Amino acid sequence: MSGSPSRVALVLGAGGMLGRAVTETLERAFPGTVSATRWEVDVTDRFRLDAEVERLRPDLVVNCAAYTDVDGCEIDRDRARRVNAEGAENAARAAAAAGCPIVHVSTDFVFDGRKGAPYSEDDPPSPLSEYGRSKYDGERRVAAATPEHLIVRTSWLYGPGRGNFVDSIRARARNGGTLRVVDDQFGSPTYVADLARALHHLVLRNARGLVHFANAGACSRYALAQAVLSVSGMSHVRLEPIRTDEAGRIAIRPAYAALDTSRYASLIGEGPRPWEEALRDYLDADRSRAGGG
Ligand SMILES: NC(=O)c1ccc[n+]([C@@H]2O[C@H](COP(=O)([O-])OP(=O)(O)OC[C@H]3O[C@@H](n4cnc5c(N)ncnc54)[C@H](OP(=O)(O)O)[C@@H]3O)[C@@H](O)[C@H]2O)c1
């Protein structure tokens with residue numbers, strides 16, 4: 001999909017952490033990129049969505065819209081289904097009607113974490129939570145709505161613009177006291193800027209089907225917190241490892257949900273960079289933004 005000046009990408013859920021990064025990245029290839037926040041286009045409002053897509057006639061739709069509060073999804077299952085499953089289908093149907101492909105973003109939480117090794121695209125999902133179930137349903141609905149789909153599963157996102165694990169560790173560390181962090185959940189921390197670039201590379205190669213993308217390597221939440229504190233010069237803050245059942249969360253999370261990114265690497269000719277390197281970049285960029293040098 002090499003760009004002519006008039007090419008238009010419509011980014012749904014553009015007010016979110018990934019939506020902002022994707023909009024910024026895609027604007028280079030699609031100068032006519034249109035970002036739509038929830039207030040501008042609600043994916044659960046099929047008629048409004050269809051009308052907007054009909055009006056814009058985009059060359060690409062990227063669905064970053066989701067109800068991402070994992071514990072909230074257990075309480076408000078209806079909202080999880082409407083946004084993550086039906087909303088995803090609405091976006092895919094609107095793209096199909098406009099004759100353009102859809103890039104849809106999904107999650108490692110479609111897996112139960114019992115494999116004990118990174119999950120590939122061929123591994124069968126078996127979600128443990130309402131969030132995971134609604135996202136898996138969304139994947140299937142997108143795939144059924146149009147063959148012109150690219151579904152990218154990712155994991156443990158952090159970046160500017162929204163509360164996330166990395167920022168919350170730094171904020172809690174500044175408040176003082178001991179931080180209690182689970183050490184029995186493993187995954188692949190992923191910088192949202194790296195994911196946005198990966199989506200761009202996949203779009204340029206007209207990739208279709210299902211692809212996993214996450215920064216390389218895996219660690220526990222506890223090890224990620226240690227890395228955040230160390231890179232942020234706050235290694236003196238006391239960390240206490242706890243088990244998931246001591247954390248008092250509502251939704252069940254997969255214990256080991258790292259993603260195998262071999263398919264991405266073979267499509268692009270290069271694999272993702274290690275999570276430690278991406279984390280340093282984020283924290284350095286964030287310090288510069290805050291004027292901290
Ligand atoms: N964050 C992670 O760790 C993670 C991990 C794996 C996969 N993912 C996936 O990555 C994608 C992006 O997530 P994110 O981290 O960027 O989450 P986010 O910051 O919560 O962004 C999601 C955006 O979707 C919007 N949205 C919610 N309901 C909507 C609706 N009905 N219509 C239109 N927009 C709606 C939200 O708006 P409001 O804020 O106004 O509700 C928000 O701006 C999602 O598909 C998510 O499932 C995330």
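Two residues count as in contact here if their C-beta atoms, placed from the backbone, lie within 7 Å. With that in hand, welcome to a short tour of this predicted model. The stops are a buried loop residue, V41, the mostly covered helix α1, and the pairing of helices α4 and α5.

**Residue V41**
- V41 sits in the loop that links β2 to α2 (46-56).
- Setting aside neighbours within four places in sequence, the contacts of V41 are L12, A36, R48, L49 and E52.
- V41 has 24 other C-beta atoms within 10 Å, and because 20 or more make a residue buried, V41 is classed as buried.
- From V41 to R7 the separation is 34 residues along the sequence and 20 Å in space, taken C-alpha to C-alpha.

**Helix α1**
- Helix α1 spans residues 17-26, and nine of its 10 residues are buried.
- Those buried residues are M17, L18, G19, R20, A21, V22, T23, T25 and L26.
- Their cover includes the strands β1 (9-12), β2 (34-36), β3 (60-63), β4 (102-107) and β6 (157-158), along with helix α7 (192-204).

**Helices α4 and α5**
- The axes of α4 (residues 77-98) and α5 (residues 130-145) come within 8 Å of each other and cross at roughly 15°.
- Angles under 35 degrees count as roughly parallel, so α4 and α5 are roughly parallel to each other.
- Their crossing is right-handed.
- On the α4 side, the residues that meet α5 include R77, A80, R81 and N84, while E130, Y131, S134 and K135 are among their α5 counterparts.
- Sorted by class, this α4 and α5 contact holds eight nonpolar, three polar and eight charged residues.

Conventions:
Residues numbered from 1 in each chain as written. Predicted model: local features only at pLDDT ≥ 70, side-chain atom pairs only at ≥ 80, totals over all residues. Buried ≥ 20, exposed ≤ 12 C-beta atoms within 10 Å, placed from the backbone. Helix = DSSP H or I, 4+ residues; strand = E, 2+ residues; numbered from the N terminus. Axes fitted to C-alpha atoms, helices over the stretch in contact; angles between N-to-C directions. Parallel < 35°, antiparallel > 145°, perpendicular 65-115°, else oblique. Left-handed = near helix turned anticlockwise from the far one by under 90°. Nonpolar A, V, L, I, M, F, W, Y, C, P; charged D, E, K, R; others polar.
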